[in-house]
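User: I would like a close look at a single part of this model, with the rest of the chain brought in as context. Please take me through it step by step.

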Amino acid sequence: MRQMTPTEVQNGLGSNEFEVVDVREVNEVAQGKIPGAIHIPLGLLEFRMNELDKNKTYVMVCRSGGRSSRATQFLEYYGYNVINMQGGMMAWQGPTE
């Protein structure tokens with residue numbers, strides 16, 4: 001499984017290299033998410049993965065890195081180009097919306 005640090009993700013925002021997918025629950029995302037992140041709770045990922053484009057790269061994010069790891073492995077299995085952000089939002093030092 002490929003991984004990126006929060007700093008690498010922050011430096012790549014807006015570059016069209018990747019899009020961010022936040023797999024946290026609604027109440028967690030309400031406290032702030034990475035600007036522009038797509039919100040798909042982990043429990044809905046298998047039903048909503050068709051909203052993602054297999055030709056794009058996605059960075060998966062959660063609170064601490066556990067759920068995003070599972071999401072990354074799940075999407076990799078189905079042929080998506082995904083990267084896990086290490087440490088999740090607990091390690092994020094950048095802006096939130």
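Analyst: Helices, counted as H or I runs of at least four residues, and strands, counted as E runs of at least two, are DSSP runs numbered from the N terminus. With that convention, Asn50 is found in the loop between helix H3 (45-48) and S4. The model is a predicted one, and the part I take up is the open sheet, beginning from this loop that precedes S4 in the numbering.

At 62% relative accessibility Asn50 counts as exposed, because the cut-off for that class is over 50%. The C-alpha atom of Asn50 is separated by 28 Å from that of Met90, a residue 40 positions away along the chain.

The sheet itself is open and has 5 strands in the order S1-S5-S4-S2-S3, with parallel pairing. Its edges are strand S1 (3-4) and strand S3 (38-39), each of which pairs on one side only.

Starting at the S1 edge, S1 and S5 pair in the parallel sense over 2 bridges, and here Met4 has Met85 in S5 as its bridge partner. The next pair in the order, S4 and S5, is also parallel and is joined over 4 bridges, with Ile83 in S5 serving as the bridge partner of Val59. S5 is mostly covered, since 4 of its 5 residues are buried, that is, under 20% relative accessible area.

On the other side of S4, strand S2 (residues 19-22) pairs with strand S4 (residues 57-61) in the parallel sense, again over 4 bridges. Two residue pairs can be followed in the structure at this point: Val21 stands opposite Met60 in S4, and Asp22 stands opposite Val61 in S4. Asp22 also stands opposite His39 in S3, which leads to the other edge of the sheet, where S2 and S3 pair in the parallel sense over 2 bridges.

A helix can be added to this picture of the strands. Helix H4 (residues 66-77) lies across S4 and strand S5 (81-85), and it runs at about 170° to S5.

For the setting of the sheet, the protein chain has 4 helices and 5 strands, and read along the sequence these follow the pattern β-α-β-α-β-α-β-α-β. The radius of gyration is 12 Å, close to the 13 Å that the globule rule gives for 97 residues, so the protein chain is as compact as a globular protein of that length. Its C-alpha trace spans about 30 × 30 × 20 Å along the principal axes.

Of the 97 residues in the protein chain, 43% count as buried, while the accessible surface comes to about 5300 Å², with 46% of that area belonging to carbon and sulfur atoms. Among the contacts between residues at least 6 apart in sequence, 65% join residues that are at least 24 apart.

Finally, there is the annotation from the record. An unreviewed UniProt entry carries the annotation "domain: Rhodanese" over residues 14-97. Over that stretch the chain is 24% helix and 19% strand, and the end C-alpha atoms are 15 Å apart.

Technical notes
Residues are numbered from 1 along each chain as its sequence is written. This is a predicted model: local features need pLDDT of at least 70, side-chain atom pairs count only at pLDDT 80 or more; totals for chains, interfaces and linings use all residues. Side-chain values use heavy atoms; hydrogens and water are left out. UniProt positions are given in the numbering used here, feature names are shortened, and annotations may be inferred rather than shown by experiment. Two strands pair if DSSP finds at least two bridges between them. Contact means heavy atoms within 4.5 Å. Axes are lines fitted to C-alpha atoms, for helices over the stretch in contact, and angles run from 0 to 180 degrees between N-to-C directions. The radius of gyration is taken over C-alpha atoms; the globule rule is 2.2 Å times the number of residues to the power 0.38. Buried means under 20% relative accessible area, exposed over 50%, partly exposed in between (1.4 Å probe, protein chains only). Accessible areas come from the Shrake-Rupley method with a 1.4 Å probe; for residues, only the protein chains shown count as cover.
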